[in-house]
Amino acid sequence: MALRASFVPHKIPAFPGSQRGSHRVSMASTVHPPSVDVKNVKKPFAPPREVHVQVTHSMPPEKQEIFNSLQTWAEQNILVLLKPVEKCWQPSDFLPDPASEGFQEQVKELRERSKELPDDYFVVLVGDMITEEALPTYQTMINTLDGVRDDTGASLTPWAIWTRAWTAEENRHGDLLNKYLYLSGRVDMKQIERTTQYLIGSGMDPRTENNPYLGFIYTSFQERATFISHGNTARLAKEHGDMKLAQICGTIASDEKRHETAYTKIIEKLFEIDPDGTVQCLADMMRKKITMPAHLMYDGHDDNLFEHFSAVAQRLGIYTAKDYADILEFLVARWEVEKLTGLSGEGRKAQDYVCGLPPRIRRLEERAQARATKKASAVPFSWIYGREIML
């Protein structure tokens, strides 16, 4: 799942009509220096990134019945989008075979191909891989959603089955990219591994408020974003002559597209059942902005690592602000938001806001890019042994 975020606290609107049921937990956002052993007194672990304000359980309890009533629908329309394990690709399908006599030669060929890829490409590929490797956080996030969580860890509800099987399919992405990067010899794996550990330890705050309306809007957006990002890393790998890496990234992108289909179908169904509540939630998420999954990224050195990674991805055209606007425009058309009728006053306001947002985002981004071009600078990335990359 890759790109831009802020740690500035926001006043977050609650789910329409749910003010009585939601509450907030406030925490200070900070970066903790490495623990220091003072007179052998052990300090409790604290994540390097903490979130200012978190809103919880914003969906009115009566709305949970909607998701209970959709279990048969989910079984027939969402679970069918999962692939049987025996028909799924596995990371070993794309990597040198350690049991073959030609293993060393295959690794040598992989390393020769990777030499043609520039450092800035590896920064983005590493950032994408770390984002994928933080999968435990994403499964945890989905299991915070009221009405669809896996209550036991092995629940047989369609929602729980989907979450576990989706996680199992996604798990192959980080596994494959990790092994490729390790074999390439181009990156500092220990720094990458530290970054992954920091990120999983910090978690994420997509501001979905335990609310499946917000949660599935978020995942719809994210799956399309990762489809675009991996598709563009495939395109650039091909341009630099690494056809095997292009195949790897393209295959991952295909998975993301299938997962996008599942999540967008869920929101499409919610628009059918509860158009007013769904459009207000869509507007709520867009006002808060879609925070990328790795927004709490840290490597022990760079306090602005995620912003720097995002800037490189923007410059290379891997994932850009234009893509953000395009995704929203795509989803608005996919869910036929402009055609909604019979909305409340708040629903119509939300509809107008969402439908008018893509061109506003594009105008703002054009101005931001013009300013950024004038302030271009280079920063070191620990992932590539401290070499500097232009932002």
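This passage walks through the overall make-up of the chain, its salt bridges, a charged surface patch and a few buried residues.

The structure described here is a predicted model. In outline, the chain folds into 13 helices and 4 strands. It has 391 residues, and 52% of them count as buried. The accessible surface of the chain amounts to about 18100 Å², and carbon and sulfur atoms account for 53% of that area.

A good place to begin a closer look is with the charged side chains. Side chains of opposite charge can pair when their charged atoms come close. In this model, 24 salt bridges are found. Three of these pairs are described in turn below.

One of them joins K63 to D274, with 2.6 Å between the closest N and O atoms. The two partners come from distant parts of the chain, 211 residues apart. K63 sits in the loop between β2 (53–56) and α1 (64–69), while D274 sits in the loop between α9 (243–273) and α10 (275–288). Are the two partners buried or exposed? K63 has a relative accessible area of 18%, so it counts as buried, the limit being under 20%. D274 is likewise buried, because its relative accessibility is 12% and falls under that limit.

A second salt bridge pairs E169 with R258, the closest N and O atoms lying 2.9 Å apart. This pair, too, links distant parts of the chain: E169 belongs to helix α6 (residues 158–184) and R258 to helix α9, with their positions 89 residues apart in the numbering. Both E169 and R258 are buried. The pair is also part of a wider arrangement, since E169, R172, D255 and R258 are linked in a network of salt bridges.

The third pair is R362 with E329, whose closest N and O atoms are 3.0 Å apart. R362 lies in helix α13 and E329 in helix α12 (residues 321–334), so this salt bridge ties together parts that are 33 residues apart in sequence. Here the partners are partly exposed: the relative accessible area is 24% for R362 and 40% for E329.

Positive charge also gathers on the surface. Which residues make up the patch of positive charge? The patch consists of R360, R363, R367, R371 and K375. One of its members, R360, is located in helix α13, which covers residues 345–374. Helix α13 is also the home of R362, the salt-bridge partner of E329. With a relative accessibility of 40%, R360 counts as partly exposed, because this value lies between the 20% and 50% limits.

Turning from the surface to buried positions, N211 is a clear case. This residue is found in the loop between α7 (189–202) and α8 (212–239). Its relative accessible area is 0%, so N211 is buried. N211 and Q64 are 147 residues apart in sequence, yet their C-alpha atoms are 9.4 Å apart in space.

The cysteines complete the picture. How many disulfides are there? The count comes to 0 disulfides. Two cysteines can be described by their accessibility: C88 is buried, with a relative accessible area of 14%, and C249 is buried as well, with a value of 0%.

Key. Residues are numbered from 1 along each chain as its sequence is written. This is a predicted model: local features need pLDDT of at least 70, side-chain atom pairs count only at pLDDT 80 or more; totals for chains, interfaces and linings use all residues. Side-chain values use heavy atoms; hydrogens and water are left out. Patches are made of residues with over 30% relative accessible area and no salt bridge: like charges are joined within 9 Å, nonpolar side chains (Val, Leu, Ile, Met, Phe, Trp, Tyr) within 5 Å. Accessible areas come from the Shrake-Rupley method with a 1.4 Å probe; for residues, only the protein chains shown count as cover. A salt bridge is a side-chain nitrogen of Lys or Arg within 4 Å of a carboxyl oxygen of Asp or Glu. Lys and Arg count as positive and Asp and Glu as negative; His and the chain ends are not counted. The place of a charge is taken as NZ of Lys, CZ of Arg, CG of Asp or CD of Glu. Helices (H or I, at least four residues) and strands (E, at least two) are DSSP runs, numbered from the N terminus. Buried means under 20% relative accessible area, exposed over 50%, partly exposed in between (1.4 Å probe, protein chains only). A disulfide is a pair of cysteine sulfur atoms within 2.5 Å.
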